[in-house]
Amino acid sequence: MTQLISTPALVVDLDIFEANVAAMESMLRDSGKTLRPHVKTHRTPELAKRQLGGSARGVTCATVGEAEAMVAAGIDDVVIANEVVDEGKLARVADLARRAKVTIAADHPDAVRTLGGQAKTRGVTLGVLIDVDVLLHRCGVASIEEAVALATAIERTPGVRLAGLMGYEGRVRLSVENRSKKIAGAYRILKDARDALIQAGHEVPVVSAAGTSTLRESIADPTITEIQAGVYCLMEPELLVMDLPFKCATSVRGTVISRHADRVVVDVGRRVVGLEYGPPIPVGVHATKVSVSDEHATVTLDGTAPPRLGSRFDFIPGQIRTTFNLHDRVWIGRGDEIVDCWPVTARGSSQ
Ligand SMILES: Cc1ncc(COP(=O)(O)O)c(C=O)c1O
């Protein structure tokens with residue numbers, strides 16, 4: 001396949017992606033834990049399928065649309081690790097359960113009852129993970145009492161079954177004060193909730209948590225059974241300080257469209273690269289500054305000769321999820337060669 005892809009273009013180095021997936025598998029091997037890769041990272045079924053096998057039997061999704069795209073691509077086990085409360089969407093979730101094993105998070109009995117009603121009319125059963133607020137103070141039940149009450153509501157609702165617990169601690173960066181204590185505290189909440197549920201007579205086969213930033217802690221913790229890490233497969237530059245065995249696999253490829261003595265302008269603007277974690281990192285040059293506008297990245301160089309006009313110029317994006325969501329397709333490379341092109345099928349599927 002021609003390497004002269006039109007720019008700006010999203011590119012994944014499949015060699016690095018596969019090495020990241022293999023590195024995750026060797027971290028988890030013998031841990032007794034399951035990996036459930038979070039595919040919000042790339043919304044791309046062809047990448048998701050290549051994360052499965054070994055410790056990973058199904059995927060985690062953030063939205064119903066993501067789950068639909070994954071099931072349509074043949075993935076038969078999905079968790080929606082997010083609250084869904086409206087009847088229309090819960091009907092779609094129940095529809096999905098005709099074709100795949102579907103589990104969804106909940107923090108309120110109303111959502112469980114609505115889901116149960118939709119499941120019953122279709123003759124399907126869905127798993128429900130009780131979402132526990134462990135650190136983020138976003139969704140999730142706020143107390144053990146609420147968790148126990150929700151477990152009882154789930155057990156009493158036809159069409160659903162209690163699958164276990166989940167609690168997402170968020171991205172816990174190395175710079176977070178009392179980091180280890182905070183992560184241990186989050187897992188302690190999950191342990192206490194699990195013990196209380198078991199005490200109340202419920203089975204809790206799954207305790208799902210963690211992202212790439214808390215991977216080591218979650219592997220070491222005896223309560224966590226399932227890990228929802230996502231970005232490990234493509235890696236973000238800000239996580240490279242964490243001494244994890246993953247490398248950055250994604251770039252946004254541009255073209256030098258204007259060349260000056262001290263800077264070049266590349267056709268990679270904020271319409272094609274996520275900036276929440278800072279500007280994209282230019283590859284192969286020493287830059288003193290990168291500023292990004294809608295369609296342009298202006299790269300000021302530190303003495304290096306500016307690349308020639310019309311040459312290709314790669315950036316490593318800081319924020320993978322937003323970057324993928326800005327592209328219809330991802331080009332697949334191995335080293336310097338482009339070998340394939342896959343649709344970012346669930347791009348824009350936030351509903
Ligand atoms: C609920 C949930 N679990 C897991 C993850 C995965 O985290 P990461 O992509 O940092 O590995 C996310 C990411 O935002 C998430 O929202």
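## Strand 6

In this predicted model, strand 6 covers residues 126-131 and is mostly covered, with six of its six residues buried. Burial applies to both faces of the strand. Leu-126, Val-128 and Ile-130 are buried on one side, and Gly-127, Leu-129 and Asp-131 are buried on the other.

## Neighbours of strand 6

Strand 6 pairs with strand 5 (residues 101-106) in the parallel sense, over four bridges. Within this pairing, Ile-104 has Val-128 of strand 6 as its bridge partner. Helix 5 (residues 109-122) belongs with these two strands: strand 5, helix 5 and strand 6 form a right-handed β-α-β unit.

Strand 6 is also joined to strand 7 (residues 160-167), again in parallel, by six bridges. Here Asp-131 stands opposite Met-166 of strand 7. The connection from strand 6 to strand 7 passes through helix 6 (residues 144-155), and this β-α-β crossover is right-handed.

## The cavity

A search of the whole structure returns one cavity of 30 Å³ or more. The largest cavity holds about 40 Å³ of space. Strand 5 and helix 5 each supply at least two residues of its lining.

The lining consists of Val-84, Leu-90, Ile-104, Ala-105, Ala-106, Ala-111, Val-112, Leu-115 and Val-128. Ile-104 and Val-128, bridge partners in the pairing described above, are thus both on the list of lining residues. By class, the lining of the largest cavity has nine nonpolar residues, no polar ones and no charged ones.

## The largest pocket

The largest pocket has a volume of about 500 Å³. It is lined by 28 residues, and those closest to its centre are His-38, Lys-40, Arg-138, Tyr-168 and Gly-170.

Strand 4 (residues 77-83) gives the largest share of this lining, three residues. The classes are mixed: the lining of the largest pocket comprises 12 nonpolar, nine polar and seven charged residues.

## The second largest pocket

The volume of the second largest pocket is about 380 Å³. Of the 21 residues in its lining, Val-11, Ser-251, Arg-253, Asp-314 and Gly-335 lie nearest the centre. Two or more lining residues come from each of strand 1 (9-13), strand 10 (250-259), strand 15 (312-316) and strand 17 (337-343).

Sorted by class, the lining of the second largest pocket has nine nonpolar, six polar and six charged residues.

## The whole protein

The protein has nine helices and 17 strands. Its radius of gyration is 22 Å, close to the 20 Å that the globule rule gives for 351 residues, so the protein is as compact as a globular protein of that length. The C-alpha trace spans about 70 × 45 × 35 Å along the principal axes.

Of the 351 residues in the protein, 55% are buried. Strand 6, with six of its six residues buried, belongs to this covered part of the chain.

Definitions and conventions
Residues numbered from 1 in each chain as written. Predicted model: local features only at pLDDT ≥ 70, side-chain atom pairs only at ≥ 80, totals over all residues. Heavy atoms only, no water. Buried < 20%, exposed > 50% of the residue type's maximum accessible area, 1.4 Å probe, protein only. Pairing = 2+ DSSP bridges. Right-handed = clockwise from strand over helix to strand, strands pointing away. 1 Å grid on protein atoms, 1.4 Å probe; cavity = no way out; pocket = protein on both sides within 12 Å on 5 of 7 lines; lining within 4 Å. Points joined across faces, edges and corners; volume = space filled by probe spheres on them. Nonpolar A, V, L, I, M, F, W, Y, C, P; charged D, E, K, R; others polar. Rg over C-alpha atoms; globule rule 2.2 N^0.38 Å.
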